[in-house]
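Let's walk through some charged side chains together. Have a look at what's shown here first.

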Amino acid sequence: QVQLVESGGGLVQPGGSLRLSCAASRTMFSRNAMGWYRQAPGKQREVVAAITTGGIRHYADFVKGRFTISRDNAENTVYLQMSSLKPEDTAVYYCNAVDWDRARPAYDDWGQGTQVTVSS
């Protein structure tokens with residue numbers, strides 16, 4: 001059973017910052033790249049950023065220079081530091097393990113996500 005618990009979302013003004021956290025099960029975390037995804041109302045879920053077990057990072061073009069993904073292997077937690085937030089960043093943010101070779105989520109099951117709302 002997939003165990004993913006996202007937290008850290010909230011309401012923030014444009015230009016503001018938030019830090020998201022995702023706690024994963026030890027087995028999932030230690031064996032996999034991890035990624036952040038988001039889904040806005042009426043849109044498909046999309047990848048935001050991903051990080052391998054060795055620390056190689058990938059970012060979607062729309063967050064490059066604004067978001068930073070990191071992982072704490074001792075705590076089985078992946079983070080997403082978000083800065084210079086825009087209204088179009090409003091979405092529910094999810095994490096999941098990443099099938100890096102196939103560039104897709106490794107599991108079909110998802111956590112509850114955390115809502116990020118960027119609005120003045």
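**Charged side chains, one by one**

Q: Which residue's backbone nitrogen lies 3.0 Å from a polar atom of the Glu 6 side chain?
A: Quick heads-up: this is a predicted model, where local features need pLDDT of at least 70, side-chain atom pairs count only at pLDDT 80 or more, and totals for chains, interfaces and linings use all residues. Residues are numbered from 1 along each chain as its sequence is written, and side-chain values use heavy atoms, leaving out hydrogens and water. Glu 6 also has a polar atom 3.0 Å from the backbone nitrogen of Gly 113. The other backbone nitrogen, also at 3.0 Å, belongs to Cys 95.

Q: How far away from Glu 6 is the nearest side chain of opposite charge?
A: Glu 6 is buried (under 20% relative accessible area, 1.4 Å probe, protein chains only). Still, Glu 6 has no salt bridge (a side-chain nitrogen of Lys or Arg within 4 Å of a carboxyl oxygen of Asp or Glu). The nearest side chain of opposite charge is Arg 45, and the distance is 8.1 Å.

Q: Is Glu 46, the salt-bridge partner of Arg 38, buried or partly exposed?
A: The side chains of Arg 38 and Glu 46 meet with N to O at 2.9 Å. Arg 38 is buried, at 6% relative accessible area. Glu 46 has 32%, and between 20% and 50% counts as partly exposed.

Q: What is the relative accessible area of Arg 102?
A: Arg 102 pairs with Asp 99 in a salt bridge, 3.2 Å from N to O. Asp 99 is buried, at 18%. Arg 102 is exposed (over 50%), with a value of 57%.

Terms used. Lys and Arg count as positive and Asp and Glu as negative; His and the chain ends are not counted. A polar contact is a pair of N or O atoms within 3.5 Å; within protein, one must be able to donate a hydrogen and the other to accept it, and residues adjacent in sequence count only if both atoms are side-chain atoms.
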